[in-house]
Amino acid sequence: MIYYFSGTGNSKWVAKQIGKEISDKVVSISEMNKNGEMPNEVKEGEILGIVFPSHISLAPKPVMEFVKRIKVDKNAFVFVVSTCGDSSGYAVKVLQKHINIDSGYSVIMPNNHITMIGSDSNEVIRNKIKNAKIKISSICEDIKNRKKELQYDEGIVSMLKSYVIAPIVLSKLNDKKFYVEDSCIGCKLCERACPVQNIEVAKGYPIWKNNCIHCMACIQHCPKKAIQYGKSTKNRKRFVMKDNFDI
């Protein structure tokens, strides 16, 4: 079983690519949480995969909570994949404190944190996806052979980012700067896209409910670019990774 957590589609795409290549089922952690479902126990000899984005060099809170709930036999094979814009920091290393990980990887995907650096150019996106496909094929071979590997890129000053900067930033996350412009058509796509059920569309406009993890799913999915965050996103390019993305 492969579980994934995704806001703008990167980790979902990676999980589905792996699932297809190793012929395993792929399940959304967000959908499970929404439906109040518990993960199945992972028995001896079975494979468990967890795919998630690195958020400020750490695994997102819902992923951390998920691994604490799942029961895994000590003789199961567990792999994790952290998607990231350039490096994953200590996302895998910190997760390893809560679940035994046999293999851990990072896969570079298109940037999606629009409030900080904006989306990549189309050329950069194509190159990242091309390289990601090569990396995923290698990961799948390791999984099939149950090879124990730790091939994630922590990047520079990863300890500082993961243990000092990330906790400070994460403790101050809120959704007060999100707002919607008059071009909003009330389609509810932002409500459906939010992986933590933090958005409710009322009277035709989205309302944020102060449980935001800054995944940027709402901004990136909005078909009218009506959702903004402060002054930083107004004219920036949006990007959502589609299941059928073709380079």
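Visitor: Is Lys144 buried, partly exposed or exposed in this model?
Guide: The model is a predicted one. Residues under 20% relative accessible area count as buried and those over 50% as exposed, with partly exposed in between. Lys144 has a relative accessible area of 45%, so Lys144 is partly exposed.

Visitor: With which side chain does Lys144 meet in a salt bridge?
Guide: Side chains of opposite charge can pair when their charged atoms come close. The partner lies 3 residues apart from Lys144 in helix α5, a separation of about one helical turn. That partner is partly exposed, with a relative accessible area of 41%. The N to O distance in the salt bridge is 3.7 Å, and the partner is Glu141.

Visitor: Which parts of the chain does the salt bridge between Asp102 and Lys148 tie together?
Guide: In this pair the closest N and O atoms are 3.7 Å apart. The two residues belong to parts that are 46 residues apart in sequence. Asp102 lies in the loop between α4 (91-95) and β5, and Lys148 in the loop between α5 (122-144) and β6 (150-151), so the parts tied together are these two loops.

Visitor: Which residue of the Asp102 and Lys148 pair counts as buried?
Guide: The cut-off for buried is under 20% relative accessible area. Lys148 is at 63% and counts as exposed. At 11%, the residue that counts as buried is Asp102.

Visitor: What is the N to O distance between Lys147 and Glu149?
Guide: Lys147 counts as partly exposed at 41% relative accessibility, while Glu149 counts as buried at 19%. Their side chains meet in a salt bridge, with an N to O distance of 3.5 Å.

Visitor: Which residues are joined into one network by salt bridges that share partners?
Guide: The search of the whole structure finds 7 salt bridges. Through shared partners, some of these form one network, made up of Lys12, Lys16 and Asp243.

Visitor: How many residues of strand β4 are buried?
Guide: In a regular strand the side chains alternate between the two faces of the sheet. On one side of β4, Phe77, Phe79, Val81 and Thr83 are buried, and on the other side Val78, Val80, Ser82 and Cys84 are buried. Both faces are covered, and for the strand, residues 77-84, the count of buried residues is 8 of 8.

Visitor: Which residue of β4 is the bridge partner of Pro53?
Guide: Strand β3 (residues 47-53) pairs with β4 in the parallel sense over 7 bridges. Together with helix α3 (residues 61-69), these two strands make a right-handed β-α-β unit. In β4, Pro53 has as its bridge partner Thr83.

Visitor: Which residue of β5 is the bridge partner of Val81?
Guide: Strand β5 (residues 103-108) runs parallel to β4, and 6 bridges join the two. Within this pairing, the partner of Val81 is Tyr105.

Visitor: Which element gives the largest share of the lining of the largest pocket?
Guide: The largest pocket holds about 830 Å³ of space. Its lining has 33 residues, with Ser54, His55, Ile56, His113 and Met116 the closest to its centre. Two or more lining residues come from each of α1 (10-22), β4 and α6 (158-171). The largest share is 3 residues, and the element is α6.

Visitor: How many polar residues are in the lining of the largest pocket?
Guide: The lining residues divide by class into 3 charged, 13 nonpolar and a polar group. The number of polar residues is 17.

Visitor: Which residues lie nearest the centre of the largest cavity?
Guide: Rolling a probe the size of a water molecule over the atoms shows where empty space is left. The search finds 2 cavities of 30 Å³ or more, and about 100 Å³ lies in the largest. The lining of the largest cavity has 11 nonpolar, 2 polar and 2 charged residues. Among its 15 lining residues, those nearest the centre are Cys184, Cys187, Cys190, Cys222 and Ile227.

Visitor: How many charged residues are in the lining of the second largest cavity?
Guide: The second largest cavity has about 80 Å³ of space. It is lined by 13 residues, with Cys194, Ile199, Cys212, Cys215 and Cys218 nearest its centre. By class, 11 of the lining residues are nonpolar and 2 are polar, and the number of charged residues is none.

Technical notes
Residues are numbered from 1 along each chain as its sequence is written. This is a predicted model: local features need pLDDT of at least 70, side-chain atom pairs count only at pLDDT 80 or more; totals for chains, interfaces and linings use all residues. Side-chain values use heavy atoms; hydrogens and water are left out. On a 1 Å grid over the protein atoms alone, a cavity is a set of points where a 1.4 Å probe fits but cannot get out, and a pocket is an open set with protein on both sides within 12 Å along at least five of seven lines; lining residues have an atom within 4 Å of a point. Grid points are joined across faces, edges and corners, and a volume is the space filled by probe spheres set on the points. Ala, Val, Leu, Ile, Met, Phe, Trp, Tyr, Cys and Pro count as nonpolar, Asp, Glu, Lys and Arg as charged, and the others, Gly among them, as polar. Buried means under 20% relative accessible area, exposed over 50%, partly exposed in between (1.4 Å probe, protein chains only). Helices (H or I, at least four residues) and strands (E, at least two) are DSSP runs, numbered from the N terminus. Two strands pair if DSSP finds at least two bridges between them. A crossover is right-handed if, with the strands pointing away from the viewer, the path from the first strand over the helix to the second runs clockwise. A salt bridge is a side-chain nitrogen of Lys or Arg within 4 Å of a carboxyl oxygen of Asp or Glu.
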